[in-house]
Amino acid sequence: LQVMPEAGGREVVPGFYLLSIVEGHARSNEVVLQVAPRIVEPDGSEPGIDPVSGTAGSGFEIHGGPFSGEEIRTVSVFLGPAQLSQVDDEPEPGDFLVVSEAVVRAVIPDDFEQGIYLIRVVVNGVSSIPDLWFEVTL
């Protein structure tokens with residue numbers, strides 16, 4: 001199933017939807033569909049994270065989205081088990097900033113040890129596909 005950017009003249013944003021099929025007078029049962037935010041480069045390629053490694057306290061950008069807009073109510077960023085704090089100004093270690101609909105800027109917490117950490121962005125309660133990693137180096 002591929003979700004189009006618009007449906008019925010409205011933008012389809014990450015979140016939970018009820019889906020049913022109507023044919024004449026018949027209607028199927030409703031099922032829950034989750035539309036997840038994407039993490040990809042502006043041209044649609046992966047990884048959508050720039051850079052893909054860095055030291056504790058360094059920053060990186062996440063590309064994809066949508067991360068902001070009229071229908072976006074909540075955004076969370078997780079790096080491994082840590083939930084970063086959303087800020088409205090330049091992020092400090094452990095923070096993230098939604099820069100635009102397509103860009104989030106994050107800063108690795110100072111106390112992170114060397115290792116590889118899963119990156120997730122949760123928009124309107126739905127997580128990005130958990131398949132991107134960030135390497136914290138010394």
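**Contacts and exposure in a predicted model**

Q: In which strand does L18 lie?
A: In this predicted model, L18 belongs to strand β3 (residues 15-19).

Q: Why is L18 called exposed?
A: Its relative accessible area is 60%, and the term requires over 50%; L18 therefore counts as exposed. L18 also contributes, with F16 and V32, to a nonpolar surface patch of about 340 Å².

Q: What makes the contact of R27 and E30 a salt bridge?
A: The N to O distance between their side chains is 2.7 Å, and the limit is 4 Å, so the pair qualifies. R27 is exposed, at 55% relative accessible area. E30, at 43%, is partly exposed, because this value falls between the limits of 20% and 50%.

Q: How do we know that E61, E90 and R105 are linked in a network of salt bridges?
A: R105 meets E61 at 3.2 Å, N to O. That pair links distant parts of the chain, with R105 in strand β15 (residues 103-107) and E61 in strand β10 (residues 59-65), 44 residues apart. R105 also meets E90, at 3.1 Å. Each distance is within 4 Å, so both contacts are salt bridges, and R105 takes part in both.

Q: Why is the aromatic pair of F112 and Y117 called tilted?
A: The ring centres are 4.6 Å apart, within the 6.5 Å required of a pair. The planes form an angle of 40°; this is neither under 30 nor over 60 degrees, so the pair is tilted. Both F112 and Y117 are buried.

Key. Residues are numbered from 1 along each chain as its sequence is written. This is a predicted model: local features need pLDDT of at least 70, side-chain atom pairs count only at pLDDT 80 or more; totals for chains, interfaces and linings use all residues. Side-chain values use heavy atoms; hydrogens and water are left out. Rings of Phe, Tyr and Trp (its six-membered ring) pair if their centres lie within 6.5 Å; planes under 30 degrees apart count as stacked, over 60 as edge-to-face and the rest as tilted. Buried means under 20% relative accessible area, exposed over 50%, partly exposed in between (1.4 Å probe, protein chains only). Patches are made of residues with over 30% relative accessible area and no salt bridge: like charges are joined within 9 Å, nonpolar side chains (Val, Leu, Ile, Met, Phe, Trp, Tyr) within 5 Å. Accessible areas come from the Shrake-Rupley method with a 1.4 Å probe; for residues, only the protein chains shown count as cover. Helices (H or I, at least four residues) and strands (E, at least two) are DSSP runs, numbered from the N terminus.
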